[in-house]
Amino acid sequence: MKNYEDDGPWMWVAFVPGCRLILDFVIGPRKQYVADKFIELVNKHISDKIPVFVTDGLNFYREALLKQFGVLREFPRTGKRGRPKKPKIVPSEDLRYAQVVKTRVNGVLEKVEKKIIFGENIEQSEISTTLLERQNLTFRQDNNRVSRKTIGFSKMKEWLEIQMKLYCTHFNFCRGHGGLRYKDERGVECKNTPARKAGIADSKWTLKELMKFRCFKTSIG
C-alpha cells in the first residue's frame, strides 16, 4: 500500500487481540505526523517489553515505529576518499513488526500477503488484522457517529473524540465479550470484559460504576 495522504477524518485504533482491549485511538488525517503521534501514544500504554505490531500495508506505520523504537546507527570511517556514510535510524533488536497487505482489483479482494518488516520469530498466525477489522465493524454497528453513509455522523471532531472515549471505556470495562468466555466459581459460563481479561480491572463494571469513577490527574513534571 502506498503512503497516500488523505485530509479526511480517519480513526487510528490500537487493539490488543489476546484480550480484545481497545488500547487507544487518534482521530486525524491520514498523514505521517498523525501516525507518529499515534505510535507515541501507544508506547505510553505498553510495558518495557515491545509487543509484536501488526498493521495493514500503510507505510506511515513503518516510519512511525522506527522513530519511536529505532536506534541511531553510526558507521565507522573507512579511511577511503569521499564523504563518510551518514548515521541512520535502524530498528532495535526487539522491535518486531509485520503487515497484512491486501490487493483489490475493482473493489474485489484478489490477494492477501503477510510481510515481516522488522524482526524475527514472528509466527504466521500472529500476522493478522482480522479481529481489529471485526472491531471496526462493531464500531460502525454500535455507533451511529462513525457509521458510513448516514446522516448521523459526527460533524465536529471534538465531540466525536469525547463520544469515542466514552464508548471505548464502556467497551473495555463494562461490556462482556463473546470471545472471552470463562466459568466463574459456581461453574457458570460468563462473558469477560477486555479490561478484566487484561488484568487492569478486578470485576465487570456497571455503567453506574463507570460514570461514578473518579479520575485523578497527577503531575508528571
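Q: Why is Glu161 called partly exposed?
A: Glu161 has a relative accessible area of 25%. Residues under 20% are buried, those over 50% are exposed, and those in between are partly exposed (1.4 Å probe, protein chains only). The value of 25% therefore places Glu161 in the partly exposed class. The model is predicted: local features need pLDDT of at least 70, side-chain atom pairs count only at pLDDT 80 or more, and totals for chains, interfaces and linings use all residues. Residues are numbered from 1 along each chain as its sequence is written, and side-chain values use heavy atoms, with hydrogens and water left out.

Q: What makes Glu161 and Lys157 a salt bridge?
A: The closest N and O atoms of Glu161 and Lys157 are 3.9 Å apart. A salt bridge requires a side-chain nitrogen of Lys or Arg within 4 Å of a carboxyl oxygen of Asp or Glu, so the pair qualifies. Both residues lie in helix H4, four residues apart, about one turn of the helix. Helices (H or I, at least four residues) and strands (E, at least two) are DSSP runs, numbered from the N terminus. Lys157, at 46% relative accessibility, is likewise assigned to the partly exposed class.

Q: How do you know that Lys102 forms a salt bridge with Glu133?
A: The closest N and O atoms of Lys102 and Glu133 are 2.9 Å apart, which means that the pair satisfies the distance criterion. This salt bridge links distant parts of the chain, since Lys102 is in strand S6 and Glu133 is in helix H3 (residues 130-142), 31 residues apart. Lys102 is partly exposed because its relative accessibility is 29%. Glu133 is partly exposed because its relative accessible area is 36%.

Q: What makes Arg181 and Glu189 a salt bridge, and how many salt bridges are found in the whole structure?
A: For Arg181 and Glu189 the closest N and O atoms are 3.6 Å apart, so this pair also meets the criterion. Arg181 counts as partly exposed because its relative accessibility is 47%. A search of the whole structure finds eight salt bridges.

Q: Why is Arg30 called buried?
A: The relative accessible area of Arg30 is 9%, and Arg30 is therefore buried. Arg30 belongs to strand S2 (residues 21-30). Its C-alpha atom is 9.0 Å from that of Met11, a residue 19 positions away along the chain.

Q: What is noted about phi of Arg20 and of Asn106?
A: Most residues other than glycine have a negative phi. Arg20, in contrast, has a positive phi near 60 degrees, and Asn106 has a positive phi of about 55 degrees. Arg20 sits in the loop between strand S1 (6-16) and S2, whereas Asn106 sits in the loop between S6 and S7. At a relative accessible area of 16%, Arg20 is buried; at 79% relative accessibility, Asn106 is exposed.

Q: How do you know that S6 and S7 pair, and in which sense?
A: Two strands pair if DSSP finds at least two bridges between them. Strand S6 (residues 96-105) and S7 share nine bridges in the antiparallel sense, so the requirement is met. Within this pairing, Tyr97 stands opposite Phe118 in S7.

Q: What makes strand S3 and strand S7 the edge strands?
A: Strand S3 (52-56) and strand S7 (108-118) each pair on one side only. The open sheet has three strands in the order S3-S6-S7, with mixed pairing, and the twist averages 15 degrees from one strand to the next.

Q: What makes Met156, Trp159 and Ile162 a nonpolar patch?
A: A patch is made of residues with over 30% relative accessible area and no salt bridge; like charges are joined within 9 Å, and nonpolar side chains (Val, Leu, Ile, Met, Phe, Trp, Tyr) within 5 Å. Ile162, for instance, has 42% relative accessibility and therefore passes the 30% limit. Ile162 lies in helix H4 (residues 157-173). Together the three residues have about 320 Å² of accessible area (Shrake-Rupley method with a 1.4 Å probe; for residues, only the protein chains shown count as cover).

Q: How many helices and strands are there in the protein, and what fraction of residues is buried?
A: The protein contains six helices and nine strands. Of its 221 residues, 32% are buried.

Conventions: Axes are lines fitted to C-alpha atoms, for helices over the stretch in contact, and angles run from 0 to 180 degrees between N-to-C directions.
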